[in-house]
Amino acid sequence: MKHFSTTALGLVSAMAAGLFTTASAETELTMYYPIAVGGSLTEVVDGIVADFEAENPDINVTAIYSGNYDDTRVRALSALASGEAAQLAVMFSIDAYDLIEQELIVPFEEVATTDADKAWLDGFYPALMANGKIEGQTWGIPFQRSTIVAYYNKDLFRAAGLDPEAPPKTWDEMIEMGKALTKDDTYGLMIPSTGYPYWMFQALAIQNGKEVMSGDGLTTYFDDPTVIETLEFWKSLSGEHGIMPTGTVEWGTLRQAFLEGQTAMMWHSTGNLTAVKNGAEFDFGVAELPANVRLGSPTGGGNFYLFKDTTDEERAAALKLMQFMTAPEQAAAWSIATGYMGVSPAAYETEALKAYVAEFPPALVARNQLENAVAEFSTFETARVRDGLNNAIQSALTGAKEPADALSEAQAAAVRLLSDYQ
């Protein structure tokens with residue numbers, strides 16, 4: 001009979017007791033993420049994750065595409081509620097208030113503690129951090145971030161006798177050019193009013209000199225006279241001026257409508273830029289949104305969030321993944337592949353993005369617009385307050401209600417929803 005040495009027996013006992021972990025042990029991460037602009041962006045995300053795993057063989061990432069932003073929030077939070085593992089997600093940058101209130105996420109100051117981590121937190125564009133910084137702490141990290149930009153068909157500009165290098169810079173110019181461009185089956189302008197109508201409306205309101213919410217998430221200004229005037233203006237683009245279709249304009253099909261020549265100008269996310277570049281069979285341009293009282297666009301898109309119910313090892317691994325996906329080289333590659341902004345100045349200093357914007361200057365428009373950008377609409381009870389505003393916008397544009405009545409109802413509903421947080 002073979003005898004084990006006491007050393008070998010001790011090793012076996014220790015392994016049985018779980019005192020040693022094998023070299024193949026991995027930290028498992030589950031990440032939910034949305035795509036809101038169509039296209040094959042899931043393949044881009046999968047490629048970034050694969051590169052991360054190659055560099056970090058001890059971390060296994062399951063990246064789950066979950067639909068649009070609202071779908072992703074529902075799916076991620078449902079997973080958490082049912083006890084499924086989820087350590088991080090990319091969700092609406094405007095979800096922060098609700099996620100904090102529900103005690104589902106942790107501030108990054110709790111995990112990003114080294115000097116290098118703090119430098120990373122300080123490296124993003126301040127305008128993109130506005131939705132994620134609340135009461136002195138950082139709750140969201142920019143990833144797929146955007147502003148609204150104006151796409152326009154230069155060939156149709158030329159055919160209408162307009163300068164293809166001079167898109168409208170004011171509302172009055174937009175109306176004037178829109179009338180010149182509206183012919184036969186082509187409208188001068190389309191602004192989407194499904195999907196994210198509140199986002200487009202916030203842009204118009206800012207340009208008209210009025211924000212639609214306070215900075216602390218507690219107050220909305222939907223029934224302010226300037227805000228009502230803004231919705232009346234949007235409606236007038238189809239009714240009085242005839243440069244836009246009556247009723248609603250679909251978010252999801254607008255890019256294709258632009259590519260098919262159904263509209264000469266469209267407002268849409270910069271996240272559509274690469275898809276438009278690849279799909280356009282005509283000369284097109286991209287411009288900052290026009291001004292009335294001032295220039296402006298809300299930022300938009302998704303932030304990384306770190307869920308509270310995670311181990312220290314999972315938090316460290318999740319932080320490493322986020323730092324990888326937002327590193328200058330990755331941010332540059334993501335911007336080139338999608339049209340979303342590089343989220344840091346350092347991304348635009350990479351050789352890849354410098355070369356790309358030199359060849360394709362429209363890739364700089366959304367970034368440059370950050371100078372006049374404001375934080376995207378966000379309050380406590382964001383989803384329900386936003387739904388009320390969306391319904392008001394659509395009811396006014398379809399003629400179901402007068403703008404003043406629709407916005408007054410949305411304001412009253414918002415006051416009720418926010419009263420518990422005052």
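The side chains of E110 and R315 form a salt bridge, with an N to O distance of 3.9 Å. This pairing joins distant parts of the chain, as E110 lies in the loop between α4 and α5 (115–121) and R315 belongs to helix α13, 205 residues apart. E110 is partly exposed because its relative accessible area is 49%, whereas R315, at 15%, is buried. The model examined here is predicted.

Over the whole structure, the search returns 11 salt bridges. One of these connects D95 with R73, the closest N and O atoms lying 3.2 Å apart. Here too distant parts of the chain are linked: D95 is located in the loop between β3 and α4 (96–101), and R73 in helix α3, with their positions 22 residues apart in the numbering. Both partners fall under the 20% limit for buried residues: D95 is buried, with a relative accessibility of 2%, and R73 is buried, with a value of 14%. D95 and R73 also take part in a network of salt bridges that includes D70 and R386. A further salt bridge is formed by E409 and K401, for which the closest N and O atoms are 2.6 Å apart. E409 has a relative accessible area of 42% and therefore counts as partly exposed; K401, at 32%, is likewise classed as partly exposed.

Acidic residues also occur in a surface patch. E229, E232, E402 and D405 together make up a negative patch. Of its members, E229 is situated in helix α10, which spans residues 225–236. The relative accessibility of E229 is 43%, so this residue is classed as partly exposed.

Helix α14 covers residues 328–338, and its buried residues are Q330, A331, A332, W334, S335 and T338. In an α-helix there are 3.6 residues per turn, so positions three or four places apart point the same way. The elements that cover the buried residues of α14 include the helices α2 (41–55), α12 (273–279), α13 (312–325) and α15 (351–359), together with strand β6 (141–153). Helix α13 is also the element that holds R315, the partner of E110. After α14 comes G339, which has a positive phi near 105 degrees.

Positive phi values were also found outside glycine. Most residues other than glycine have a negative phi. E135, which is not a glycine, has a positive phi of about 50 degrees. E135 is placed in the loop between β4 (133–134) and β5 (137–138), and its relative accessibility of 79% is the reason why it counts as exposed. D184 likewise has a positive phi, near 50 degrees. The position of D184 is in the loop between α8 (171–181) and α9 (197–207); with a relative accessibility of 84%, D184 is exposed.

A loop residue with little accessible area is A86, found between α3 (69–81) and β3 (88–92). A86 has a relative accessibility of 2% and is therefore buried. Apart from neighbours within four places in sequence, A86 contacts T30, Y32, L80, F307 and T310. F124 is 38 residues away from A86 along the chain, and the C-alpha atoms of the two are separated by 25 Å.

Terms used:
Residues are numbered from 1 along each chain as its sequence is written. This is a predicted model: local features need pLDDT of at least 70, side-chain atom pairs count only at pLDDT 80 or more; totals for chains, interfaces and linings use all residues. Side-chain values use heavy atoms; hydrogens and water are left out. Patches are made of residues with over 30% relative accessible area and no salt bridge: like charges are joined within 9 Å, nonpolar side chains (Val, Leu, Ile, Met, Phe, Trp, Tyr) within 5 Å. Accessible areas come from the Shrake-Rupley method with a 1.4 Å probe; for residues, only the protein chains shown count as cover. A salt bridge is a side-chain nitrogen of Lys or Arg within 4 Å of a carboxyl oxygen of Asp or Glu. Lys and Arg count as positive and Asp and Glu as negative; His and the chain ends are not counted. The place of a charge is taken as NZ of Lys, CZ of Arg, CG of Asp or CD of Glu. Helices (H or I, at least four residues) and strands (E, at least two) are DSSP runs, numbered from the N terminus. Buried means under 20% relative accessible area, exposed over 50%, partly exposed in between (1.4 Å probe, protein chains only). Contact means heavy atoms within 4.5 Å.
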